[in-house]
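Ready to practise reading a protein model? Work through the exercises below with the structure open beside you, and try each task before you look at its solution.

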Amino acid sequence: MTATHYSLVGDIGGTNARFALVEQGTVQPRAIKILPCGEYANLDDAVRDYLARVGVSEVDGACLAVASPVRGTQVRMTNNHWLFDTEEVRAQFGWSRFKVINDFTAMALGVPHVANDHLVHVCGGPGDSRRPRLVMGPGTGLGVSGLVPIEHGWVPLMTEGGHVDFAPTDDAEMAVLRILKARFGRVSVERILCGQGLLNLYQAHAEIQGVAAPLDAPEKITAAAVENTDRLARHTLSHFCEILGRVAGNGVLTLGSTGGVFLCGGILPRFLEFFLESPFRNGFEDKGRMRPLLEFTPVYVVTEPYTGLLGAAEALGNPEV
């Protein structure tokens, strides 16, 4: 195995760093390892340990997707203690090239490389493959990106679409808005469409109904909804899916992304059966005169766990990134 035939790719979140090797000219990650960020002082220690574990002394270059804003050469991780300078790291390892991109940009770039058996069709179709694609994912926050097709690939859009205003559509949602506005001031859709957001929505519905809200974590709400052991949790998760549908539909109208909507991240696959039976589709298609456009647009849940690594590998050879 000649080391310089390989590049390093990584997908680094607040808790774990996923590393892999890719052969030059390919995007398929191999030798995937998941390392806990808390066990390493900084990025360079984790990279050295990974390369030692897979028996490669050096690689030609690297691309890392990070859960933090990327500006200039200084990268400070949002949810862990790592802080590094990209030029210093590149020089330290002798890499000919080193790219650092936002994790959701990587998620978007990875979508075209996801195998069909990791795409679950939700609704809509057939769409238009020549048009942009919308990539969204509720997780720690709400990631929103897009892919614009060019002659031989894709240009990813780096957006903050998760921070658009929450737009209520009925009296119950007006009440949700009033409650969350009292807590947060401005209410973005991310205040609802993420892990913490599900808890916010649950507590708001409890206040509206005048009942207790005993569940104190999003995973407890999801479990109670799926197991049908808590009526409030089930109502909340159903409403969460409907709001996600409306926000996704708004994104399609804004971006013209009839190429499809790809729902990424770790949350939705945990309650996939519930999601497929939820009012997501109603929320997505309920756009008045624009309904036929939404009905034409396919929506998929992406179940590939390493979409970010695929995107980091794509970014290595993509001059638009």
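**Exercise 1. Classify a residue, then check its backbone.**
Task: Decide whether Asn 228 is buried, partly exposed or exposed, and find where it lies.

Solution. Keep in mind that this is a predicted model.
- Step 1: The relative accessible area of Asn 228 is 51%. The cut-off for exposed is over 50%, so Asn 228 is exposed.
- Step 2: Asn 228 sits in the loop between helix 6 (218-226) and helix 7.
- Step 3: Now look at the backbone: phi of Asn 228 is positive, about 60°, although the residue is not a glycine.

**Exercise 2. Another positive phi.**
Task: Find the element that holds Ala 31, and say how accessible Ala 31 is.

Solution.
- Step 1: Ala 31 belongs to strand 3.
- Step 2: Its phi is near 55°, a positive value in a residue other than glycine.
- Step 3: With a relative accessible area of 34%, Ala 31 is partly exposed.

**Exercise 3. A cis peptide bond.**
Task: Which peptide bond is cis, and what is its omega?

Solution.
- Step 1: The bond runs from Gly 125 to Pro 126, and its omega is near 5°.
- Step 2: To place it, follow the chain to the loop between strand 8 (119-123) and strand 9, where Pro 126 is found.

**Exercise 4. Two residues from one record.**
Task: Compare the surroundings of Gly 10 and Gly 14, both listed by UniProt under "binding site" in an unreviewed entry.

Solution.
- Step 1: Read the record. The UniProt listing consists of Gly 10, Asp 11, Ile 12, Gly 13, Gly 14 and Thr 15.
- Step 2: Place the two glycines. Gly 10 is part of strand 1 (residues 6-12), while Gly 14 is in the loop between strand 1 and strand 2 (16-23).
- Step 3: Check accessibility. Gly 10 has a relative accessible area of 0%, so it is buried. For Gly 14 the value is 27%, so Gly 14 is partly exposed.
- Step 4: List the contacts, leaving aside neighbours within four places in sequence. Gly 10 is in contact with Arg 18, Phe 19, Cys 63, Leu 64, Ala 65, Leu 309 and Ala 312. Gly 14 is in contact with Cys 37, Asn 79 and Asn 80.

**Exercise 5. An enclosed helix.**
Task: How many residues of helix 11 (residues 307-316) are buried?

Solution.
- Step 1: Count the buried residues: 10 of the 10. Among them are Leu 309 and Ala 312, which you met as contacts of Gly 10.
- Step 2: Draw the conclusion. Because 10 of its 10 residues are buried, helix 11 is largely enclosed by the rest of the structure.

**Exercise 6. Sequence separation and distance in space.**
Task: How far apart in space are the C-alpha atoms of Gly 25 and Asp 44, and those of Glu 173 and His 239?

Solution.
- Step 1: Gly 25 and Asp 44 are 19 residues apart in sequence, and their C-alpha atoms are 25 Å apart. Gly 25 is in the loop between strand 2 and strand 3 (30-36) and is exposed, at 87% relative accessibility.
- Step 2: Glu 173 and His 239 are 66 residues apart along the chain, with 9.7 Å between their C-alpha atoms.
- Step 3: Glu 173 lies in helix 4 (residues 171-184) and is buried, at 1% relative accessibility. Beyond its neighbours within four places in sequence, Glu 173 has contacts that include His 239, Ile 243 and Arg 246.

**Exercise 7. The nonpolar core and a pocket.**
Task: Which element gives the largest share of the largest nonpolar core, and which gives the largest share of the lining of the second largest pocket?

Solution.
- Step 1: The largest nonpolar core has 47 residues, and Met 136, Leu 193 and Phe 275 are among those with the most contacts inside it. Helix 7 supplies its largest share, 10 residues.
- Step 2: Zoom in on Phe 275. Among the residues it touches are Val 122, Cys 241, Leu 244 and Val 301.
- Step 3: Turn to the second largest pocket, with about 400 Å³ of space. Its lining has 21 residues, and those nearest its centre are Gly 161, Val 164, Val 247, Asn 250 and Gly 251.
- Step 4: Helix 7 gives the largest share of this lining, 7 residues. By type, the lining residues are 11 nonpolar, 8 polar and 2 charged.

How values were computed:
Residues numbered from 1 in each chain as written. Predicted model: local features only at pLDDT ≥ 70, side-chain atom pairs only at ≥ 80, totals over all residues. Heavy atoms only, no water. 1 Å grid on protein atoms, 1.4 Å probe; cavity = no way out; pocket = protein on both sides within 12 Å on 5 of 7 lines; lining within 4 Å. Points joined across faces, edges and corners; volume = space filled by probe spheres on them. Helix = DSSP H or I, 4+ residues; strand = E, 2+ residues; numbered from the N terminus. Nonpolar A, V, L, I, M, F, W, Y, C, P; charged D, E, K, R; others polar. UniProt positions renumbered as here; feature names shortened; annotations may be inferred. Buried < 20%, exposed > 50% of the residue type's maximum accessible area, 1.4 Å probe, protein only. Contact = heavy atoms within 4.5 Å. Core = buried A, V, L, I, M, F, W, Y, C linked by side-chain atoms within 4.5 Å.
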